[in-house]
Amino acid sequence: MSAGKGKELIKIGKSPLFNSLVDGIMILDPDACCVQINQAAADIFAVNPEHFIGQNVVECHSPLFQAQVLELMEEFRSGNKEAYEKRNIKVNQRLLDVFMTPLRDSKNRFLGLIMMVRDVTREREMQDKLIRQEKLAVVGQLAAGLAHEIRNPLTTVMGFMQLLNPLLPEGKAREYAALVNEELRRIKGLVSEILLLTKPSAPNFRDVDLINLVRETLAVMVSEANLKGVALEGVTYGQAYVRADREQIKQVLVNFIKNAVDACGSRGKVVVEVESREQEWAVLVMDDGPGLPPEVLNKVFEPFFTTKEEGMGLGLVVSKQIAETHGGRIELGNWPTGGAVATLYLPKLSRTH
Ligand SMILES: Nc1ncnc2c1ncn2[C@@H]1O[C@H](COP(=O)(O)OP(=O)(O)OP(=O)(O)O)[C@@H](O)[C@H]1O
Ligand SMILES: [Mg+2]
């Protein structure tokens, strides 16, 4: 490249706008050597701009530049092509849209190309999230309709099974009938959880002491936990008043405790505590299981997401919805020392008790 042409390219790069642009811009001479690179492009490619200038981009190991920059340069030079565009290229964990166009001087002499790179990672993530939410809304409506349709025949089947049971001879027939009943109960549980999710019943708000509610829930859950070899314990004194539907909050605690017991396996320990956090009470259910890997943690609030063979993947979705109708929220995380912690936050009752 002649010194004259190089100067023209360098002039473009010296414009004050160049470095303040959010999009990455890079100018290449006809040999694919970098003449100018702005800060945004340097960040995207993780290069030091000063060292990068003068370097042949084909020699650097980025999938972007393997994208036949030299061939493209030829096509631009010969005038066969006037623009190049490629979207969603993955580089260093980011999604990039790349545009390239030839650069020519006032006499139409070919000077090289200009490459514009836009980091669209966040934008695409938001789009994906929106699409997922829309899909979930459709799936939700479908599930609600289906659950409603299943409920009535299911009630009939369960009723007739009850009548049938005593008529069956002892032995295998009764054994099979017990299995049928067990599975029918599971279907009924699933159907009512879906209905609760899609058409939540209006909560029956009362003044509720969370400590008392925890005590009551532990009493119900302790034998189930012990059967699985898990020790279950928790707060028994103090008072923590909230405005809540007792049964719904109990259901959240039961969901948390069941998950914790499932996670720790035998010889595990689950502890339930209530803590004061400024305007809120926090109910923590802590276990000493393996905790949640990041890819699971990202998905736990998606309907039907489960890692368990027998799981429905609805426990946390239902719990989140209940927490939100109470003006509260749920958090799930890992304990620094191992194990998981599920926390329900509820606003404190303004009156002091
Ligand atoms: N305490 C925990 N430790 C480890 N993983 C957990 C814990 N709590 C929840 N999880 C993960 O989150 C997933 C979703 O939990 P969720 O309660 O919503 O559904 P589930 O327990 O699989 O099924 P169900 O609808 O019967 O509750 C679980 O399958 C599990 O992978
Ligand atoms: Mg669960």
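# A walk through the three-domain chain

At 8% relative accessibility, D105 is buried. That's our way into this predicted model, so let's look at where D105 sits, because a value under 20% is what earns the word "buried". Its place is the loop that links strand 4 (94–104) to strand 5 (110–119). The side chain of D105 has a partner there: one of its polar atoms lies 2.7 Å from the backbone nitrogen of R109.

Now step back and take in the whole chain. It is split into domain 1 (3–119), domain 2 (125–198) and domain 3 (206–347). Let's stay with domain 1 a little longer, since two alanines there deserve a look.

Most residues other than glycine have a negative phi. A32 goes the other way, with a positive phi of about 70°. You'll find A32 in the loop between strand 1 (24–28) and strand 2 (34–37). A46 also has a positive phi, near 50°, and A46 belongs to the loop between helix 3 (39–45) and helix 4 (49–52). Which of the two words fits A32, buried or exposed? A32 counts as buried because its relative accessibility is 0%. A46, on the other hand, counts as exposed because its relative accessibility is 62%.

Next, move along to where domain 2 and domain 3 meet. Their centres, taken over C-alpha atoms, are 24 Å apart. Nine residues of domain 2 and twelve residues of domain 3 take part in the contact. The size of an interface is often given as the accessible area lost when the parts come together. Here, the area buried between domain 2 and domain 3 comes to about 1000 Å², and carbon and sulfur atoms give 68% of that.

What about charged and polar partners across this interface? The rule finds zero salt bridges between domain 2 and domain 3, and one residue pair in polar contact. On the domain 2 side, the elements giving two or more residues are helix 7 (121–164) and helix 8 (172–198). Helix 8 gives the most, with seven residues. Sort the residues on this side by type and you get five nonpolar, one polar and three charged.

Keep helix 8 in mind as we head into domain 3, where helix 12 (residues 315–325) comes up. The buried residues of helix 12 are L316, V317, V318, S319, I322 and A323. And what do these buried residues pack against? They pack against helix 8, helix 10 (246–264), strand 11 and strand 12 (340–347). Just after helix 12 comes G327, with a positive phi of about 70°.

Strand 11 (residues 329–334) brings us to our last stop, N334. N334 counts as partly exposed because its relative accessible area is 38%. Leaving out residues up to four places away in sequence, N334 touches G291, L292, G339 and A340. With L292 there is a polar link too: the side chain of N334 reaches the backbone nitrogen of L292 at 2.7 Å. D287 is 47 residues from N334 along the chain, yet their C-alpha atoms are separated by 9.5 Å.

Definitions and conventions. Residues numbered from 1 in each chain as written. Chains lettered and ligands numbered in written order. Predicted model: local features only at pLDDT ≥ 70, side-chain atom pairs only at ≥ 80, totals over all residues. Heavy atoms only, no water. Domains from an automatic or database assignment. Contact = heavy atoms within 4.5 Å. Buried area = accessible area lost by both parts, 1.4 Å probe. Salt bridge = Lys/Arg side-chain N within 4 Å of Asp/Glu carboxyl O. Polar contact = N/O pair within 3.5 Å; in protein donor to acceptor, adjacent residues only side chain to side chain. Helix = DSSP H or I, 4+ residues; strand = E, 2+ residues; numbered from the N terminus. Nonpolar A, V, L, I, M, F, W, Y, C, P; charged D, E, K, R; others polar. Buried < 20%, exposed > 50% of the residue type's maximum accessible area, 1.4 Å probe, protein only.
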